Amino acid sequence: MDLQLNYKTAIVTGGSSGIGLATARCLLEEGANVAICARGAERLEKVRADFAGEFGEDRVLAKAFSVLDRAEVEAFAAEVNDRFGGCDVLITNAGQGRVSTFADTSEQDWRDELELKFFSQLNPIHACLPMLKASDAGAIVAVNSLLAYQPEPHMVCTSAARSGVQNLLKSLSVELAPKVRVNSILLGLVDSQQWQRRFDAREDQSQSRAEWYGQLAAKKKIPLGRLGDPQEAARALTFLASPAASYITGAQLEISGGVSRFA
Ligand code: NDP
């Protein structure tokens, strides 16, 4: 199947690690130009240099900033426009989860988490919308989590925020149709930097990576018996972002190894 991404331009927020990194690579392999951002400049520059070496300097753009800084996001969108003459695809991926129960979550934690989850969508969408509307293949794909429908009390504010984001995306899919398609993926557990950090901080430091991940998959009762690979999320994101998914909008695709309990 031809995804028809050749010569298209995609922005991937949080493109220096995990799912965003795998998605940027997947889009480049499909022939798209790719612009990535993340806060950490050093890691981002390494990724940019690797991609530029493999796919060509002219197909890659990278800039370090937080997606919560609207002025920076707008400047980035303008740079993408100057460099590539527009943008067809926006993947809103940047972010991380917050582990805390209701008792452990301060008012500031709530404000921070709600800001991260909503404005990591809103800022890039606002900034890219004129370019996406001008494209003949405008598409937004948001990275979200099963927590939106299956809240976990130990991630109370992340779960609540993710639910609100899913609601927002549904509204956007209607408001932006027919010019821009809006879809999302709902992740279960995908092996990325986030889980690596939790593995590094494991209680029993004698546990190997395989043991710790195996135990996690068993504890979470994942029917496919393992965590997902970032590439497995990237392939779904790339498909939903592509003209090959031209009749799909307002949809959500679970990438979870079957772990969801809702129908
Ligand atoms: P990683 O930590 O591997 O990657 C996160 C990426 O986002 C990094 O490039 C990071 O770079 C960037 N980032 C984080 N915050 C910001 C910010 N404010 N502005 C710009 N860039 C930012 O994690 P994953 O690949 O797992 O996460 C990707 C997305 O998937 C996240 O939104 C996460 O919450 C979500 N998710 C992941 C799950 C999983 O199991 N992996 C489950 C459910 C959801 P830097 O730190 O340098 O800014």
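Where is the place of Q4? I began my entries at this residue of the predicted model, and I found Q4 in the segment before strand 1, which spans 9-13.

**Entry 1, backbone angles before strand 1.** I looked up the phi angle of Q4 and noted a value near 60°, which is positive although the residue is not a glycine. I then checked its cover, and because its relative accessibility is 42%, Q4 counts as partly exposed. Y7 is also found in the segment before strand 1, and I recorded for Y7 a positive phi of about 70°, again in a residue that is not a glycine. With a relative accessible area of 72%, Y7 is exposed.

**Entry 2, a cis peptide bond.** I went through the omega angles and wrote down the bond from A177 to P178, which is cis with omega near 5°. P178 lies in the loop that runs between helix 5 (156-175) and strand 6 (181-187).

**Entry 3, the ligand.** I listed the residues around the ligand and obtained 29 of them, the closest being S17, R39, N93, R162 and S192. For the polar contacts I noted that an oxygen atom of the ligand is 2.8 Å from a polar backbone atom of G40, and that an oxygen atom of the ligand is 2.7 Å from a polar backbone atom of N93. At R162 the partner is in the side chain, where an N or O atom is 2.7 Å from an oxygen atom of the ligand. I then looked up the areas: the ligand taken alone exposes 890 Å², and the protein buries 93% of that. Helix 1 (18-29), strand 5 (139-145) and helix 6 (193-200) are the elements that give two or more residues to the shell, and helix 6 gives the most, with four residues. Sorted by class, the shell holds ten nonpolar, 15 polar and four charged residues.

Why does the ligand lie between domain 1 and domain 2? I noted that domain 1 (9-190 + 229-250) and domain 2 (191-227) both give residues to the shell, so the ligand lies between them.

**Entry 4, strand 5.** Since strand 5 had come up in the shell around the ligand, I looked at its cover and found that seven of its seven residues are buried. On one side these are A139, V141, V143 and S145, and on the other I140, A142 and N144, and both faces are thus covered. Strand 5 pairs with strand 4 (residues 89-92) in the parallel sense over four bridges, and in my last look at this pairing I found T92 standing opposite A142.

Key:
Residues numbered from 1 in each chain as written. Predicted model: local features only at pLDDT ≥ 70, side-chain atom pairs only at ≥ 80, totals over all residues. Heavy atoms only, no water. Near = heavy atom within 4 Å. Polar contact = N/O pair within 3.5 Å; in protein donor to acceptor, adjacent residues only side chain to side chain. Areas by Shrake-Rupley, 256 points an atom, 1.4 Å probe, with all protein chains shown as cover. Nonpolar A, V, L, I, M, F, W, Y, C, P; charged D, E, K, R; others polar. Domains from an automatic or database assignment. Buried < 20%, exposed > 50% of the residue type's maximum accessible area, 1.4 Å probe, protein only. Pairing = 2+ DSSP bridges.
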